[in-house]
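Open the model in your viewer and keep the selection panel at hand. The tour below moves from stop to stop, with something to select at each.

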Amino acid sequence: MVKTVVKQLKDKAIEIKKKKSFFKDLHDNREYLLMIVPGVLQLILFNYLPLFGLILAFKTVDYSKGFFNMDWNGFKNFEFLFKNPDVFTVLRNTLGYNLIFIVTGAIVPVAVAVGLSLLKNKTGARAYQSFMFLPYFLSWIIVSYLVFGIFDYRLGIFNNIISGVFGREAVNWYQSPRYWPTILVLLHIWKTFGYNSIIYFAAIMGIDSELYEAASIDGAGVWKQVLVITIPSIKPVIVMLAILAVGKILNADFGMFYNVPMGSGALMPVTNVLDTFVYNALKINGDIAMATAAGFFQSVVGFVLVLVTNHIVNRIDSAQALF
Amino acid sequence: MAKGSLRINEISNAANVLLNVIFILLSFLCIYPILLVIGTSFAEETYLNVVGYKAFPKVISLDAYKYVLSNAKPITNAYIVTIITTLTGTVLSTLMIALYAYAIVQQGFKYRRFFTFFIFFTMLFNGGIVPWYIVCTQVLKIQNTLIALVWPYLINAWYVMVMKTFYNTTVPSAIIEAAKIDGASELKTFFRIVFPIAIPGLATIALFMTLRYWNDWYLPFMLTSDPKLSNIQMYLKRILNNLQELLNSSSAAMQAGSMLAVVPREGARMAICALAVGPIVLAYPFFQRFFVKGLTIGSVKG
């Protein structure tokens with residue numbers, strides 16, 4: 001009896017001590033906590049609070065009932081989503097474009113960065129870098145104007161050349177879906193390769209020059225050096241960017257796919273991606289159920305994909321994993 | 001810069017020339033579309049209607065600009081919105097990012113691991129636009145306010161990570177320790193000692209945020225319907241989809257139109273675009289090296 005009372009008292013004392021030490025910790029760290037409070041609030045409101053919204057995917061959305069009182073409807077929203085006739089095209093486009101972007105995003109900027117590092121005239125290298133970086137600074141709205149200037153039926157540069165120089169019939173680009181996969185892939189490369197090549201170029205510049213000297217003494221030519229030293233040295237950067245890209249494989253660049261086709265319905269079969277689909281469901285058709293289900297699918301599959309890719313990379317070479 | 005260039009084997013002169021030609025072509029491809037828009041904005045309308053868009057038009061006229069600026073109200077308003085949101089957004093977000101990153105690199109901060117994960121996690125997983133949209137419109141109710149064009153972008157996990165790396169690599173912990181021994185508080189240490197040292201890193205973050213706010217069309221597009229809250233990008237987006245809006249925007253414009261022999265429809269569209277892209281192109285040569293530096297910091301893993 002006495003023992004149990006003593007034990008209880010002891011436990012209580014420990015608990016109080018624990019609490020005290022927790023508050024003491026808070027007090028000791030108050031200045032650091034004060035520093036992160038604005039950021040933490042921001043993250044809670046715009047990043048963590050929306051996570052709760054993911055459960056809307058399993059509910060019948062009805063704002064009048066309030067968030068917690070909306071009725072559960074199981075997987076009905078998902079049934080709706082996958083019965084939608086467009087969903088196959090949308091998934092195909094999203095995955096297809098992103099897979100191509102991952103490949104071109106690894107090859108083109110690396111090739112450009114290697115090329116820049118090989119140039120003998122360093123001022124030239126810096127100038128080229130500046131020019132190639134410029135597209136990154138333009139918004140997709142501006143880019144839409146540029147694309148319009150090139151592909152406009154009546155006045156665009158391309159039709160000018162086709163009918164003016166070659167005497168062929170002008171192409172109605174904005175009504176011809178078959179050209180757009182190529183246009184969008186090239187446009188995506190155009191907008192991002194300068195930016196990414198700077199990251200790779202910096203990585204190449206950080207490579208120990210003794211490695212090249214040693215390889216050169218062993219008789220390796222320049223191109224061989226690129227293959228056995230440069231590329232392997234920047235592999236971690238390539239892998240890191242690829243992991244991040246794989247995790248975003250269901251997230252299409254909304255700015256590009258929404259703005260550049262200028263709302264042309266004829267192009268929808270090749271320009272409709274998950275993000276534009278979700279947007280249209282949310283804001284145009286008011287089909288919130290489908291929008292939440294598609295959004296849920298996008299977020300959760302994306303998260304799983306990052307974890308899986310990272311796990312695989314970890315297995316192969318743990319030094320190159322993201323976390 | 002020098003490290004990579006010290007290699008003993010250099011490429012042959014022929015290969016160097018070939019590489020230069022390729023890079024000149026690539027550079028040209030990157031700037032040509034911009035020249036096309038700017039050139040067209042200076043082309044005379046009847047000439048333009050015959051020959052199409054031209055980067056270097058032969059018949060030049062300022063009519064498109066006169067026409068657009070005859071009713072300068074919408075574009076001035078759009079510029080004001082952009083400037084206000086860009087300034088406040090850049091200052092607030094840079095401060096928020098700087099403080100957050102500083103706290104999570106301090107060894108003395110007991111919860112730094114937790115809060116590092118707290119922000120890193122947002123890079124891996126997010127709720128998508130629907131819950132985000134519902135939080136903005138149903139919980140925070142910021143739709144159709146100027147705040148909606150600033151608030152949602154204030155913190156950015158990627159830039160916090162960049163800044164964290166920057167502190168780790170360039171702010172010597174000995175200085176911070178010394179300040180603490182002298183009895184300075186954390187906040188005082190940060191603003192008096194760390195802040196001045198970290199200015200190059202902070203400037204980079206500030207530039208990236210400036211670009212983000214300047215180029216943003218997404219927030220006004222998603223969260224506003226009032227044309228008065230259109231920033232420059234949103235205004236451009238509306239004109240792109242509906243040229244008529246520009247042409248009919250006021251009686252003043254119609255008057256200006258009637259005084260000109262030809263209403264510069266196509267020229268006006270490109271003049272608006274040139275007015276929006278102008279500041280970026282003009283500022284670009286001065287700022288791009290800071291961006292390059294920022295990217296270089298960011299590429300260090302950690």
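Select A:Lys83 first. In this predicted model, A:Lys83 is exposed, with a relative accessible area of 65%. Which residue does A:Lys83 pair with in a salt bridge? Add A:Glu79 to the selection: the closest N and O atoms of the two are 3.9 Å apart. A:Glu79 is partly exposed, at 47% relative accessible area. Now show the ribbon. Both residues sit in helix α3 (residues 76–83) of chain A, and because they are four residues apart, about one helical turn separates them. An α-helix has 3.6 residues a turn, so residues three or four places apart point the same way.

**Two more pairs within a helix**

Go to helix α1 (residues 2–28) of chain A and select A:Asp28 and A:Lys24. They are four residues apart, about one turn of the helix. Their salt bridge has its closest N and O atoms 3.0 Å apart. Are these two residues buried or exposed? A:Lys24 is exposed, with a relative accessible area of 51%. A:Asp28 counts as partly exposed, at 45%, because exposed means over 50%.

Switch to chain B and pick helix α3 (residues 63–70). B:Lys66 and B:Asp63 both lie there, three residues apart, again about one turn. They form a salt bridge, with the closest N and O atoms at 3.9 Å. B:Lys66 is exposed, at 54% relative accessible area. B:Asp63 is partly exposed, at 22%. Buried would need a value under 20%.

**Across the chains**

Colour by chain. How many salt bridges run between chain A and chain B? The count is two. For the whole structure, over all chains, the count is six. Select B:Lys110 and A:Asp25: their side chains meet in a salt bridge, 2.6 Å from N to O. Side chains of opposite charge can pair when their charged atoms come close.

Next, select A:Arg154, B:Glu266 and B:Arg269. These three are linked in a network of salt bridges.

Now display the whole interface. The contact takes 104 residues from chain A and 104 residues from chain B. Which three residues supply the most of the area that chain A buries against chain B? Highlight A:Tyr32, A:Met35 and A:Tyr145: they supply 9% of that area, more than any other three residues. Between them, the two chains bury about 10000 Å². Carbon and sulfur atoms account for 73% of that buried area.

**The largest pocket**

Turn on a pocket surface. The largest pocket has a volume of about 610 Å³. It is lined by 23 residues. Select the ones closest to the centre: A:Ile150, A:Phe158, A:Leu186, A:Trp190 and B:Leu29.

Which helices supply at least two residues each to the lining? In chain A they are α6 (140–151), α7 (157–165) and α8 (180–205); in chain B, α1 (13–41). The largest share, seven residues, comes from α8(A).

Colour the lining by residue class. The count is 22 nonpolar, one polar and no charged residues.

**Along α7 of chain A**

Stay with α7(A), one of the helices in the pocket lining. Select A:Ile157, A:Asn159 and A:Ile162, the buried residues of this helix. What covers them? The cover includes α6 of chain A together with α1 of chain B. Step just past the helix to A:Gly167. There the backbone takes a positive phi of about 65°.

**An exposed site on α5**

Jump to A:Thr123, in helix α5 (residues 122–133) of chain A. Is A:Thr123 buried or exposed? A:Thr123 is exposed, with a relative accessible area of 62%. Draw a distance to A:Val37, 86 residues apart from A:Thr123 along the chain. The C-alpha atoms of the two are separated by 45 Å.

**Chain B as a whole**

Finish by hiding chain A. Chain B has 15 helices and zero strands. Of its 302 residues, 54% count as buried. Turn on contacts between residues at least 6 apart in sequence: within chain B, 73% of these join residues at least 24 apart.

Technical notes. Residues numbered from 1 in each chain as written. Chains lettered and ligands numbered in written order. Predicted model: local features only at pLDDT ≥ 70, side-chain atom pairs only at ≥ 80, totals over all residues. Heavy atoms only, no water. 1 Å grid on protein atoms, 1.4 Å probe; cavity = no way out; pocket = protein on both sides within 12 Å on 5 of 7 lines; lining within 4 Å. Points joined across faces, edges and corners; volume = space filled by probe spheres on them. Nonpolar A, V, L, I, M, F, W, Y, C, P; charged D, E, K, R; others polar. Buried < 20%, exposed > 50% of the residue type's maximum accessible area, 1.4 Å probe, protein only. Contact = heavy atoms within 4.5 Å. Buried area = accessible area lost by both parts, 1.4 Å probe. Salt bridge = Lys/Arg side-chain N within 4 Å of Asp/Glu carboxyl O.
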